[in-house]
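Please open the model in a viewer and keep the sequence panel visible. The tour proceeds by selection, and each stop states what is found there.

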Amino acid sequence: MQRPRPARPTLLILAIVAVAAVLAACGGGATSSPSPTPNPTVGPVGPVTTPEQAVAAVVAHEPRLTGIGPLDPDMIGQSAWYEVAPASGVGAFLVSVRVGWGDCPAGCINEHSWVYAVQPDGTVSLQSEGGDPVPPDVWPSPVGAGRTGLFITAVSGPHCPVETVPPQPDCAPRPVAGATVIIRDARGSEVASVATDAGGVVVVELAPGDYVV
């Protein structure tokens with residue numbers, strides 16, 4: 001049985017996934033791609049004596065994890081994170097990585113996880129891996145270029161006078177093509193002005209830092 005309810009005013013929603021992607025992805029959609037199947041062992045890449053260096057070795061092994069941050073238990077909706085723990089062996093580390101997507105404020109519907117062992121000489125060994133294939137737009141560095149920036153999706157809605165339960169497909173949010181997005185740095189200076197593509201998507205390559213969109 002459908003239960004009508006008043007529609008909300010039309011909104012333009014910008015979904016921003018921080019620490020993104022490649023300029024080549026500007027014309028791409030959010031279709032799912034297989035998760036990586038990295039070599040079981042890669043290295044050595046150099047001396048590793050700290051947890052931060054262990055994470056850097058893992059990111060060198062899988063560049064799509066560029067920009068991933070540590071697990072923050074106080075953050076609601078954190079989709080991608082890592083944890084580092086000592087491993088058996090002098091100076092070795094275990095790096096656990098999780099990438100999640102799909103309603104992450106409620107805990108993420110989908111996820112993919114890895115556990116890497118990092119030796120003191122920087123050798124990285126994949127210990128375990130599991131989960132759903134990771135869509136290109138949910139990686140900390142989408143589409144795998146290992147660069148940083150913003151992956152932005154603009155959608156509008158609702159598109160019906162009333163919203164029903166369950167929602168009707170014709171009332172679903174729609175991509176907004178040609179939406180102008182202005183990005184300013186922490187000083188308020190404009191660093192980019194870009195427009196979304198036909199799918200409502202735009203990728204802007206930026207150096208790590210604080211920005212206003």
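The stops below run from the whole chain to the strands, the cores, the disulfides and two single residues.

**Ground rules**

This is a predicted model, in which local features need pLDDT of at least 70 and side-chain atom pairs count only at pLDDT 80 or more, whereas totals for chains, interfaces and linings use all residues. Residues are numbered from 1 along each chain as its sequence is written, and side-chain values use heavy atoms, with hydrogens and water left out.

**Whole chain**

Select the protein chain and display it as a cartoon: one helix and 15 strands are present. Helices (H or I, at least four residues) and strands (E, at least two) are DSSP runs numbered from the N terminus. The chain has 213 residues, of which 37% count as buried; buried means under 20% relative accessible area, exposed over 50%, and partly exposed in between, with a 1.4 Å probe and protein chains only.

Switch to a surface. The protein chain exposes about 11500 Å², and carbon and sulfur atoms supply 58% of that area. Accessible areas come from the Shrake-Rupley method with a 1.4 Å probe, and for residues only the protein chains shown count as cover. Among contacts (heavy atoms within 4.5 Å) between residues at least 6 apart in sequence, 59% join residues at least 24 apart.

**Strands E6, E7 and E8**

Next, select strand E6 (93–101) and strand E7 (110–118), followed by strand E8 (residues 124–131). Two strands pair if DSSP finds at least two bridges between them. E6 and E7 pair in the antiparallel sense over nine bridges, and E7 and E8 do so over seven bridges. Centre the view on Val-115 in E7, which stands opposite Ser-96; in E8, the bridge partner of Val-115 is Ser-128. The hairpin of E7 and E8 has five residues between the strands, and Gly-122 there takes a positive phi near 95 degrees.

**The cores**

Which residues have the most contacts inside the largest nonpolar core? Show side chains for Val-58, Leu-65, Val-95, Val-97, Val-99, Trp-114 and Val-118, which have the most contacts within this core of 22 residues. A nonpolar core is a set of buried Ala, Val, Leu, Ile, Met, Phe, Trp, Tyr and Cys residues joined through side-chain atoms within 4.5 Å. Helix H1 (51–61), strand E5 (80–86), E6 and E7 are the elements that give two or more residues to the core. A second, separate core has eight residues, including Val-181, Ala-192, Val-204 and Leu-206.

**Val-84**

Return to strand E5 and pick Val-84. Val-84 is partly exposed, with a relative accessible area of 27%. Leaving aside neighbours within four places in sequence, Val-84 is in contact with Pro-51, Val-55, Phe-93, Leu-94 and Val-95. A distance drawn from Val-84 to Tyr-116 reads 9.5 Å, C-alpha to C-alpha, for residues 32 apart in sequence.

**The disulfides**

Now select the cysteines. A disulfide is taken as a pair of cysteine sulfur atoms within 2.5 Å, and the count by this rule is two. In Cys-104 and Cys-108 the sulfur atoms are 2.0 Å apart. The torsion about their S-S bond is about 110 degrees, so this disulfide is right-handed. Cys-104 is buried at 11% relative accessible area, and Cys-108 is buried at 13%.

Move to Cys-160 and Cys-171, joined with an S to S distance of 1.9 Å. The link is left-handed, with -95 degrees about the S-S bond. Cys-160 lies in the loop between strand E9 (149–157) and strand E10 (162–163), and Cys-171 in the loop between E10 and strand E11 (174–175), so the pair ties together parts 11 residues apart in sequence. Both Cys-160 and Cys-171 are buried.

**The three-stranded sheet and Asp-185**

Select strands E13, E12 and E15, which form an open sheet in that order with antiparallel pairing. The edge strands are E13 (190–195) and E15 (211–212), each pairing on one side only. E12 and E13 share five bridges in the antiparallel sense, and Ile-183 stands opposite Ala-192 in E13.

Finish at Asp-185, which lies in strand E12 (residues 180–185). Is Asp-185 buried or exposed? Its relative accessibility is 13%, so Asp-185 counts as buried. The side chain of Asp-185 reaches the backbone nitrogen of Arg-187 at 3.0 Å. Not counting residues up to four places away in sequence, Asp-185 touches Val-191, Asp-210 and Tyr-211.

Key
Polar contact = N/O pair within 3.5 Å; in protein donor to acceptor, adjacent residues only side chain to side chain.
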